[in-house]
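Student: I am new to this structure and would like a close look at a single part, the place where the ligand sits. Could you take me through that part slowly, and then through the helices connected with it?

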Amino acid sequence: MVHVPMFSLPSGARANMKTAIHWLLPLILTGLGLFLVNLIWLYPALRNIRESASILALEISHRVETTIAADLTATLNDVQAAADDIASEPDRSSLILERLLRRHASLARVVRVERGGRELMRVSRPTAESMGESASAYTARPIFYAALQGVSSFDDVEISPERGPHTLLVTPIFRGGKAEEVLFVDVDLTGLTHAVREIPDLTGHMYIVDRNGVQVGHPDIAEVIKRQNFIKRPIVRKVILDGIVADGLAPEDEYVNEQGTRVFAVGFPIPIAGLGLIFEQPRSRALAGERQMMFFAAAAIALGLAFLSIILRSNIRLTRLNASMRELLTDLDNAGKMLVRRDLELTRANVRLEELDQIKSEFVSIAAHQLRTPLTGIRWSYQAILEEGQGNLQPEQRKLLESGLSTTLRMVDLVNDLLSVARIEEGKFGILLKKQALTPLLARFADLFSQRAREKGVAFLSEIARDPSIPDVAFDEEKLGIVFDNLLDNALKYTEPGGRITLRASREGDHVAIEIIDTGVGIPPGQMHRIFTKFFRADNALRLHTSGTGLGLYVVKNIVEKHGGTVEVESHEGKGTTFRMTLPVA
Ligand code: ADP
């Protein structure tokens with residue numbers, strides 16, 4: 001049964017997923033790691049920036065708040081002092097109040113009201129004369145009753161387009177330990193606008209809110225006239241309602257203002273008049289360092305990830321390279337093993353071949369031996385019949401017998417060559433060296449071949465006799481006979497009638513040099529290198545003499561080298577050949 005998996009990814013998709021895991025996992029982990037490491041320094045750095053901004057803003061705000069509070073306190077103190085003066089010298093009250101107005105430019109009017117609500121006196125600045133409320137309007141206010149209880153206080157701020165922000169300050173006038181009268185002082189608060197305009201930092205602005213959250217102070221008086229209420233801003237509530245300083249570090253201190261700008265703000269309560277001072281600055285400016293830090297952190301993470309991805313990429317490439325190297329090595333290993341196997345097989349085959357060669361040589365040797373005896377017999381028989389039947393033979397019979405004899409002689413040559421080669425290869429080609437004169441052997445061959453050359457119409461020159469100084473050489477007469485026979489036979493065979501053969505022998509230092517020079521067909525240059533190999537016959541020789549074994553020169557070279565000599569050939573096709581051999585002087 002074939003098992004079909006329910007779900008399987010194609011191999012390409014699986015490889016992609018593998019690569020993604022290889023890539024993504026380390027990237028994500030490093031990203032997280034870098035993020036955490038960055039947090040370690042980023043968080044305190046951001047806090048530092050925030051704290052510095054907070055300290056600066058608080059310092060500026062505090063200066064303004066102190067000025068305003070001091071101003072209001074001074075006003076309150078002077079008003080209270082005036083109330084005390086009136087209590088002790090009621091007759092001079094008019095003078096006292098005028099002096100008070102002179103001292104404080106922000107005071108527009110002072111009204112002296114008795115406990116029952118009747119207005120006793122009113123002192124106004126000339127400019128404020130036409131304005132002002134009636135005594136009943138003053139006494140309707142809750143602060144009037146607070147004053148009767150002995151409490152001095154500022155009333156809610158009022159804003160009018162003509163006068164801007166202003167308020168009422170009430171203070172009791174004690175007589176006999178009891179608040180018998182109340183002083184209503186109309187205080188102009190446009191001074192607040194001047195106070196918040198003075199801030200040195202131009203990146204933000206300050207504003208003042210009253211206890212209801214209404215903006216009563218702003219660098220631009222037109223903004224005050226709008227009577228905007230900011231009680232919804234948490235920082236305003238914190239400062240006004242809770243009466244605590246907002247240092248800008250709490251998240252709720254931040255807000256988005258009317259212009260849609262997110263602001264960094266600090267706030268101070270001014271308890272004396274129930275006011276609150278807020279200093280707001282665009283967050284992007286106040287905390288500009290924060291953004292730079294965040295940018296650095298992001299850049300550090302991005303750089304880290306970029307480095308990692310480069311490292312990962314080269315790592316993946318290396319892994320792939322490694323895998324293909326491993327494959328290559330495995331292939332090489334296999335190839336090596338195969339080579340060793342082949343080598344073993346070849347060695348075995350070689351051993352087998354050598355064995356076969358040995359068997360073949362032995363066979364040839366035995367066969368040639370067995371053939372030589374009957375062939376010799378046949379040869380002698382032919383020769384005997386030809387000699388004895390001299391006169392009795394018909395020309396036809398003679399021709400037949402001569403042809404038979406020549407074939408037999410060729411067969412004897414062939415068998416001799418085969419026997420020599422077989423013995424050489426069997427290592428049984430025994431050579432018996434004997435120190436002796438070389439000239440007689442050479443002379444014998446010169447005689448033999450000059451006769452045969454004459455028969456063929458080839459001139460034969462022997463240059464041995466002219467050099468009597470040829471020293472003795474250690475040689476095997478029979479074997480060297482084979483050499484001369486082969487070389488001279490070749491020279492005669494491959495030289496056309498009309499040509500010339502020269503046999504030359506001379507001493508050359510510690511060698512005897514023998515040269516057999518003919519003016520025959522020569523050897524084709526492209527085949528010279530094969531001349532001493534077994535069974536080789538050149539193309540032109542094959543055309544000239546169909547019979548021949550190609551074994552003669554192989555045997556020659558072997559015999560000469562076993563005598564410690566050399567043999568070499570020089571030939572020009574169509575012009576002639578020179579075989580030159582050397583034998584060491586004994
Ligand atoms: P064979 O003469 O029986 O062919 P050899 O071994 O004696 O065999 O010679 C090999 C070959 O060398 C010859 O077939 C012939 O091509 C070439 N050769 C040898 N001697 C001569 C020569 N004197 N002139 C031209 N060719 C020669």
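**The surroundings of the ligand**

Tutor: Please keep in mind throughout that this is a predicted model. A good place to begin is a backbone N or O atom of Gly 550, which lies 3.3 Å from an oxygen atom of the ligand. A polar backbone atom of Thr 549 is likewise placed 3.1 Å from an oxygen atom of the ligand. A side chain takes part too, for an N or O atom in the side chain of Arg 537 is 2.6 Å from an oxygen atom of the ligand. As for how much of the ligand is covered, on its own it has 520 Å² of accessible area, and the protein covers 98% of that area.

Stepping back from single atoms to the whole shell, we find that 20 residues surround the ligand, and that the closest are Asn 490, Asp 518, Arg 537, Ala 541 and Leu 553. Sorted by class, the residues of this shell are 10 nonpolar, seven polar and three charged. Three elements each supply at least two residues of the shell, namely the helix α12 (477-493), the helix α14 (552-562) and the strand β18 (576-584). Of the shell, the largest share comes from α12, with three residues.

Two of these elements can now be followed outwards to the helices they meet. Taking α12 to begin with, helix α11 (residues 439-456) packs with α12 at an angle of about 25°, and their axes are 11 Å apart. Since angles under 35 degrees count as roughly parallel, that angle makes α11 roughly parallel to α12. The crossing of α11 and α12 is right-handed.

Turning to α14, its axis and that of helix α10 (residues 395-426) come within 10 Å and cross at roughly 45°. The helices α10 and α14 are therefore oblique to each other, and the crossing of α10 and α14 is left-handed.

From α10 the path leads on to helix α9 (residues 288-388), for the axes of α9 and α10 come within 8 Å and cross at roughly 155°. Because angles over 145 degrees count as roughly antiparallel, that crossing makes α9 roughly antiparallel to α10. The crossing of α9 and α10 is left-handed, and the residues of the contact of α9 with α10 divide into 17 nonpolar, eight polar and 10 charged.

Definitions and conventions
Residues are numbered from 1 along each chain as its sequence is written. This is a predicted model: local features need pLDDT of at least 70, side-chain atom pairs count only at pLDDT 80 or more; totals for chains, interfaces and linings use all residues. Side-chain values use heavy atoms; hydrogens and water are left out. A residue is near a molecule or strand if one of its heavy atoms lies within 4 Å of it. A polar contact is a pair of N or O atoms within 3.5 Å; within protein, one must be able to donate a hydrogen and the other to accept it, and residues adjacent in sequence count only if both atoms are side-chain atoms. Accessible areas come from the Shrake-Rupley method with a 1.4 Å probe; for residues, only the protein chains shown count as cover. Helices (H or I, at least four residues) and strands (E, at least two) are DSSP runs, numbered from the N terminus. Ala, Val, Leu, Ile, Met, Phe, Trp, Tyr, Cys and Pro count as nonpolar, Asp, Glu, Lys and Arg as charged, and the others, Gly among them, as polar. Axes are lines fitted to C-alpha atoms, for helices over the stretch in contact, and angles run from 0 to 180 degrees between N-to-C directions. Angles under 35 degrees count as roughly parallel, over 145 as roughly antiparallel, 65 to 115 as roughly perpendicular and the rest as oblique. A crossing is left-handed if the near helix is turned anticlockwise from the far one by less than a right angle, and right-handed if clockwise.
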